[in-house]
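Trainee: I am new to this structure and would like to learn how to read it, feature by feature. Could you show me the chain before we begin?

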Amino acid sequence: MDDVNPIRLRAMAELETVRAEIQDMAEVLSQVPLWRPAAGLNKSCEAAIVMLDRLAERFDRKMVITLVGPCGSGKSTLLNALSGVDDLSESGHGRPTTRTVVAFCREPADADQLQEALGPGNLRIKASAAARHLENLILIDTPDTDSTRREDHIPIIHQAVGLSDMLICVFDAENPKRRDHTDFLRPYVRLFDGASLVVVVNKSDRLAEDELTDIIMPEFDNYIRTAWDVEPAAVLCISARRHLRQPAWDPKATPRHDRDQFAQLQDLIRNTFDSAAFSVDRRLENARNIRDCVHQQLRDEARLAGESLDLALLRMADCEAGAMRQAVKAFQRDGNALSVGINVRLYQQLAQRWLGPVGWVVAIWARILVFGTGIAAMLRFGNPVRQVFGAVSALRHHADATKAVADADQGTGASTALMRYDSAMARCWPEIAEILVGARFTPSVRQAQQAPGQGASVGRHLDRVWNDALDEVLSRAGRRLSTGLLQLLFNLPVLGVLGYAGWLTAVNFFSGNILSSNFFLHAFWTIVLILFLTFFLFQGLVRLAAGKEKLVAQVFDRVQKALDGEDRVGDSPVWRQVRIVRGLGGDR
């Protein structure tokens with residue numbers, strides 16, 4: 001027993017791992033509420049966790065081996081033969097013979113776990129000295145799977161199988177390949193590891209020996225392995241009645257031969273199954289099998305609609321990309337309205353970077369641009385009347401210029417772009433929704449709100465992409481037009497004239513000569529003229545290197561590249577759920 005405890009401890013730790021894996025599956029299913037099979041699969045996960053909890057409770061208890069089979073297959077007779085007590089479980093020619101679960105154990109207390117789960121009304125406990133060789137086992141007989149009281153029996157069978165560690169599936173040799181019985185047992189069999197399954201063909205002595213050996217058993221062996229997709233621990237042909245103390249043969253059905261593998265079954269139970277270490281190992285294997293069964297259910301359900309989901313994902317990505325292209329085109333058509341604001345933003349960048357006299361003029365010019373074209377008209381050569389009207393309209397244009405800057409920051413035309421986007425998505429979403437409904441998503445996906453990118457999120461996303469692109473383009477243009485060499489080159493003429501005028505003033509002052517006012521007036525206007533000429537040359541350079549139209553084009557180019565290089569539909573709840581379901585299929 002001391003050697004078994006470490007084995008049980010390790011098994012309990014692995015059982016918790018299996019439990020956590022099933023909980024992870026349930027967590028994934030909770031993320032796909034729009035997929036209709038998720039609700040049923042979640043129930044399967046919950047049922048599997050309950051079964052694991054029962055397994056955990058039984059790790060220190062005796063292993064339960066359950067006999068299941070249809071009416072007349074000889075389950076009760078087999079239990080009596082294994083126990084060595086002819087009347088342990090009611091048997092005979094009347095149907096049904098077993099109406100409750102019968103537990104055969106060494107001591108009545110051994111079946112307490114079954115009593116608690118099944119209730120006293122559904123369990124009869126048979127303890128006998130004949131069970132002395134079953135130190136770690138409990139054998140239970142179940143009601144028939146196909147009797148006239150089938151509806152009453154199935155819940156009891158379901159509970160009994162859920163409490164079992166091994167199954168002995170009993171078939172009638174005269175009709176072993178009964179499809180209804182095979183199909184009934186399939187979901188139960190899937191919960192057990194193959195080594196926890198024994199298939200028994202009873203009443204084999206009623207058939208001709210050569211037919212049984214050469215035809216029936218080979219065909220049945222292949223049939224059962226294919227139908228259940230499992231490798232049982234053994235497939236045996238037996239005659240249970242032969243091993244009763246008083247067989248009481250039916251005169252119409254006496255034995256035809258002595259071929260019988262009952263001793264092999266008995267040896268499996270007494271010398272292999274009746275071991276504490278074996279029971280721990282079987283329970284752990286069954287826990288893994290429960291996990292694998294649930295996982296396979298998920299895979300099978302997800303794979304049913306694999307092609308439809310792939311098509312829906314492709315359509316969503318194509319539709320969203322096309323809608324975004326139309327939104328960007330609508331954005332670009334309003335690009336001319338952005339050029340004034342972008343120009344103001346550029347000069348604001350330059351004003352922060354430039355030093356010296358030219359830097360002062362750049363800062364003044366940035367403020368003039370904010371006040372609009374009115375003051376700018378005052379500083380241009382031309383019709384004096386026009387200059388006067390420019391001064392009057394300066395305040396009115398200040399609001400327009402401020403709005404232009406705001407439009408540049410936010411990207412004017414965003415509302416038009418959103419309308420184009422929503423319109424394009426609305427046109428293609430019905431087709432996508434029908435594909436999803438066909439893949440067993442809820443009909444609510446037909447609602448336009450389920451389409452990727454619906455609502456203000458697209459607007460916020462476009463604003464963010466626009467601002468990032470605008471900041472990058474303006475920052476790059478500002479750095480390129482504010483190098484130290486350029487600042488020295490454009491400031492040098494003005495600084496040279498200022499320096500020369502200052503030198504002449506100082507020399508004459510210390511020489512006692514007084515310069516005339518004309519000198520200073522001419523010097524002032526010379527400096528102003530050179531400063532403005534330098535600034536005009538600088539403006540020409542700005543227009544050549546970073547004109548308004550060029551900047552607008554560069555910003556839109558970066559916006560397009562940013563949008564082309566990202567997965568926008570990934571933010572859509574429907575897209576995420578389709579991807580999750582597709583992932584459950586195990587193909588990606």
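Mentor: What follows takes up the sheet, then a long-range contact and some salt bridges, and then one helix.

Mentor: Please keep in mind that this is a predicted model, in which local features need pLDDT of at least 70 and side-chain atom pairs count only at pLDDT 80 or more, while totals for chains, interfaces and linings use all residues. Residues are numbered from 1 along each chain as its sequence is written, and side-chain values use heavy atoms, with hydrogens and water left out.

Trainee: In what order do the 7 strands of the open sheet lie?

Mentor: Strands (E, at least two residues) and helices (H or I, at least four) are DSSP runs, numbered from the N terminus, and two strands pair if DSSP finds at least two bridges between them. Here the order is 3-2-4-1-5-6-7, with mixed pairing. Strand 3 (123-127) and strand 7 (234-237) stand at the edges with a single partner strand each, so one side of each has no neighbour in the sheet.

Trainee: Which strands pair with strand 1, and in what sense?

Mentor: Strand 1 pairs with strand 4 in the parallel sense over 5 bridges, and M63 has L137 as its bridge partner in strand 4. Strand 1 also pairs in the parallel sense with strand 5 (residues 166-172), over 4 bridges, where the bridge partner of L67 is I168. By contrast, strand 2 (residues 101-105) and strand 4 (residues 137-141) run antiparallel and are joined by 3 bridges, with A103 facing I140 as its bridge partner.

Trainee: Are the residues of strand 1 buried or exposed?

Mentor: Buried means under 20% relative accessible area, exposed over 50%, and partly exposed in between, using a 1.4 Å probe and protein chains only. In strand 1 (residues 63-68), 6 of its 6 residues are buried; M63, I65 and L67 point one way, whereas V64, T66 and V68 point the other way.

Trainee: How far apart are R245 and D86, in sequence and in space?

Mentor: They are 159 residues apart in sequence, but 6.5 Å apart in space, C-alpha to C-alpha. R245 sits in the loop between strand 7 and helix 8 (262-273), and it counts as exposed, at 68% relative accessibility.

Trainee: How many salt bridges does the structure hold?

Mentor: Side chains of opposite charge can pair when their charged atoms come close. A salt bridge is a side-chain nitrogen of Lys or Arg within 4 Å of a carboxyl oxygen of Asp or Glu, and the structure holds 22 of them. One of them joins R19 to D53, with the closest N and O atoms 2.9 Å apart; this pair links R19 in helix 1 (residues 4-30) with D53 in helix 2 (residues 37-57), 34 residues apart. D53 is partly exposed, with a relative accessible area of 29%.

Trainee: What length should helix 18 span, and which of its residues are buried?

Mentor: The expected span of a helix is 1.5 Å times one less than its number of residues. For the 30 residues of helix 18 (residues 517-546) that gives 44 Å, and the end C-alpha atoms are 42 Å apart, which agrees. An α-helix has 3.6 residues a turn, so residues three or four places apart point the same way. The buried residues of helix 18 include A523, I527, L531, T534 and F538, whereas F536, also in helix 18, counts as partly exposed at 40% relative accessibility.
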